[in-house]
Structure formats: C-alpha cells, structure tokens
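This report describes a protein model with attention to its strands, its metal site, an internal cavity and selected loop residues. The sequence and the model are shown first.

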Amino acid sequence: MRVHLVLVLAIIASACGGKTTDRTYALQGQVLQIDAPNKQLTVKHEEIKGLMPAMTMPYSVRDEKLLNGLAAGDLIDARLVVESNDAYLRTIRKVGQAPLEKPPVDEATAPAVRTGPELLKPGERVPDASFVDQDGRKRSFHAFRGSPVVMTFIYTRCPLPTFCPLMDRQFAAMQTPLKDDPALSKVRLVTVSFDPKFDTPPVLKRHAQTLHADLARWTFLTGDRDEVDRFAARFGVSIARAMSDPRDITHNLRTVIVDADGKLVKVYTGNDWLPDQVLADLKHVG
Ligand SMILES: [Cu+2]
C-alpha cells in the first residue's frame, strides 16, 4: 500500500521566458501525513489554479531533506513542479500549524475499504461486473475469460502525470512487446475509468486514440459508478469524490493481472511497477 502521488503548486513562472516545458505551481495546504521512506507527504491543499481543484493528495519530493522538521498538521506553502512525466514538490515552507480535522489517515490510500467487500486474494476468482466500453457496447468482465488480463483503474482528467497518465503510458508501452511475443498474444489490456460521468464512451474513445491504443488488444471500460467502485474495491482501489467539484477524485492505484480462468494472479500497488515486470510476470500466467 505504498502510495505514490505527487502534488502540484501553481503559478506559472511567467517571468521565465518559457524556455522550459516544466510548469511550476504554488501549493498551499496542510500536511496530513509524512512518509519519509518513500519521500512523500500527503497534503490537503487548496485549489491549484490551472491545474486541479482543492483535494487531498500524496506528493513526492526529490530532496528528502524537505521533509525534515515537518509534521502532520503543519500548514505549508510549497512549490509544485509538473514535468511532462513527473511531478514533485521543489520547496516546502512551513507557515503555521492547525489542528487536524481527521486522523492523519489518508482514505484514498487505505489498503482496504472499511465497509466494502473483502479484498480479493491471489488465486481467488474475480466476480463479474458489467461495464460499457469505448464504443458504447455492454461488456461484462467475465467475457474476458479465456485471455489473461492486465487491468488498471484511472480517470482521464487525472491532473498528475505520475498517476493515471503514467498508467496510460505504461499500458501503451506494453502494446508492442505483447504483440511481438507469440506467447503473450492472448493477453488483453483493460483500463477502467471510475469517472463515468465525465468518461463517457466517446471520451474514452478519444482517450484511446490519443494513446494510440490498439482496441483489439486494449479495452477502455466504465459503467455504473457504484458498480465500478464495488468492483475496483475488491482489488484495493479506493475512490473518494468531492461533492464540491467533480474533477476532484482522490484515489489510489492498483494494477492487476487476472488469468484466463478469471482468477486474480497479482496486484501491483501504486505507480512504481514497470511494464517489463508485468510482461515477465505474464509469462507465468496461464
Ligand atoms: Cu489519477
């Protein structure tokens, strides 16, 4: 249940002449949790103009010294750097302290859903669920039986390049190796959006095109929100939607392998798995 999120601060460096493609944002918020070994902190922050609404997210730092002296409850001004494929806090300044409203547990990254169904364990059969795909066709999860499936959960408006967009890039990167390896010819890629309200089939279709997805191999699904949530929760995906802003979805990441019999093989948590690792793991999957 390692969490890998990154935060962003807004304030486009208007004076920098635009030589760089990195964007820099000012971020103001309260530290809820610090994860020094993983060089991350979870921040409940205000709107980042031009980037994302107010939300609670884990953010990375590259320089772990930035975390020295910080504690849960601290109010911070920070600077978020967003690169095309990465995002991290470059500076963090403590500006005050406030009582924590909630215990410093971040729901979005909790390993299990408190009231939800049980987490599936490897070897267990994945229950069925119904979805709709990028062409508006009804698809049940069990219809993928007969093919090993690599599946992940995202939403297309995710603002952090190291989160959902990274899952997309890694799935895209697996397409060619899957095609080139006859032993993996049956493997299917499945991306499930947990934002059905925005990620309608036409939106998913455009998203697939942007990713140069081979739709014979890679399917984009969404469905009834509660059903998607229930299905995703069985793999440890937790999703918290803000009432105030539909773009604000706090979530964690899970990518899973399901074998051709529909049994769960493996769950990758967070964003630090690599396509090669999944491809290697797939060689042992029937
Ligand atoms: Cu995301």
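β13 and strand β14 (residues 264-269) form an antiparallel pair joined by five bridges. The model in which this pairing is found is a predicted one.

**Strand β13 and its neighbours**

Within the pair, V258 stands opposite L264 in β14. Five residues separate the two strands of this hairpin, and G262 there adopts a positive phi near 85°. β13 also pairs with strand β8 (residues 149-154), in the antiparallel sense and over four bridges. In that pairing, M151 is the residue opposite V256 of β13.

Is β13 buried or exposed? Strand β13 covers residues 254-258, and five of its five residues are buried, so the strand is largely enclosed by the rest of the structure. The burial extends to both faces: R254, V256 and V258 lie on one side, T255 and I257 lie on the other, and all of them are buried.

**A cavity beside the hairpin residues**

The structure holds two cavities of 30 Å³ or more. The second largest has a volume of about 50 Å³. Its lining includes V258, D259, A260 and G262. Also in the lining are F141, H142, F144, R145, G146, S147 and V149. By class, five of the lining residues are nonpolar, four are polar and two are charged. V258 therefore appears in two settings: as a buried residue of β13, and as one of the residues lining this cavity. 

**The copper site and helix α1**

Three residues coordinate the copper ion: C158 through SG, C164 through SG and H251 through NE2, at 2.0 to 2.3 Å. Along the sequence, these donor residues follow the spacing C-x5-C-x86-H. C158 counts as buried because its relative accessibility is 8%, below the 20% limit. C164 likewise counts as buried, at 1% relative accessibility.

Helix α1 spans residues 164-180, and its 17 residues should extend over 24 Å at 1.5 Å a residue; the C-alpha atoms at its ends are 26 Å apart, which agrees. The copper ligand C164 is among the buried residues of α1. The other buried residues of the helix are L166, M167, D168, Q170, F171, M174, Q175 and L178. R169 also lies in α1, and at 26% relative accessibility this residue counts as partly exposed. The C-alpha atoms of R169 and L211 are separated by 7.5 Å, although the two residues are 42 apart along the chain.

**Strand β10**

Strand β10 (residues 218-222) has five of its five residues buried, so this strand is largely enclosed by the rest of the structure. On one side of β10 the buried residues are W218, F220 and T222, and on the other they are T219 and L221.

Which strands pair with β10? Strand β6 (residues 130-133) does so in the antiparallel sense, over two bridges. Strand β9 (residues 188-193) runs parallel to β10 and is joined to it by four bridges. T222 of β10 is the bridge partner of V132, and T219 of β10 is that of V190.

**Positive phi in loops, and strand β2**

Two residues that are not glycine have a positive phi, as listed below.

| Residue | Phi | Loop | Relative accessibility |
|---|---|---|---|
| K39 | about 55° | between β1 (23-35) and β2 | 27%, partly exposed |
| H212 | about 55° | between α2 (201-210) and β10 | 66%, exposed |

The loop holding K39 leads to strand β2 (residues 40-45), in which T42 lies. T42 is buried, with a relative accessible area of 5%. T42 and T56 are 14 residues apart in sequence, and their C-alpha atoms are 6.8 Å apart in space.

Key
Residues are numbered from 1 along each chain as its sequence is written. This is a predicted model: local features need pLDDT of at least 70, side-chain atom pairs count only at pLDDT 80 or more; totals for chains, interfaces and linings use all residues. Side-chain values use heavy atoms; hydrogens and water are left out. Buried means under 20% relative accessible area, exposed over 50%, partly exposed in between (1.4 Å probe, protein chains only). Two strands pair if DSSP finds at least two bridges between them. Donors are N, O and S atoms within 2.8 Å of the metal (3.2 Å for Na, K and Ca); water is not among the atoms, so sites may look incomplete. On a 1 Å grid over the protein atoms alone, a cavity is a set of points where a 1.4 Å probe fits but cannot get out, and a pocket is an open set with protein on both sides within 12 Å along at least five of seven lines; lining residues have an atom within 4 Å of a point. Grid points are joined across faces, edges and corners, and a volume is the space filled by probe spheres set on the points. Ala, Val, Leu, Ile, Met, Phe, Trp, Tyr, Cys and Pro count as nonpolar, Asp, Glu, Lys and Arg as charged, and the others, Gly among them, as polar. The expected span of a helix is 1.5 Å times one less than its number of residues.
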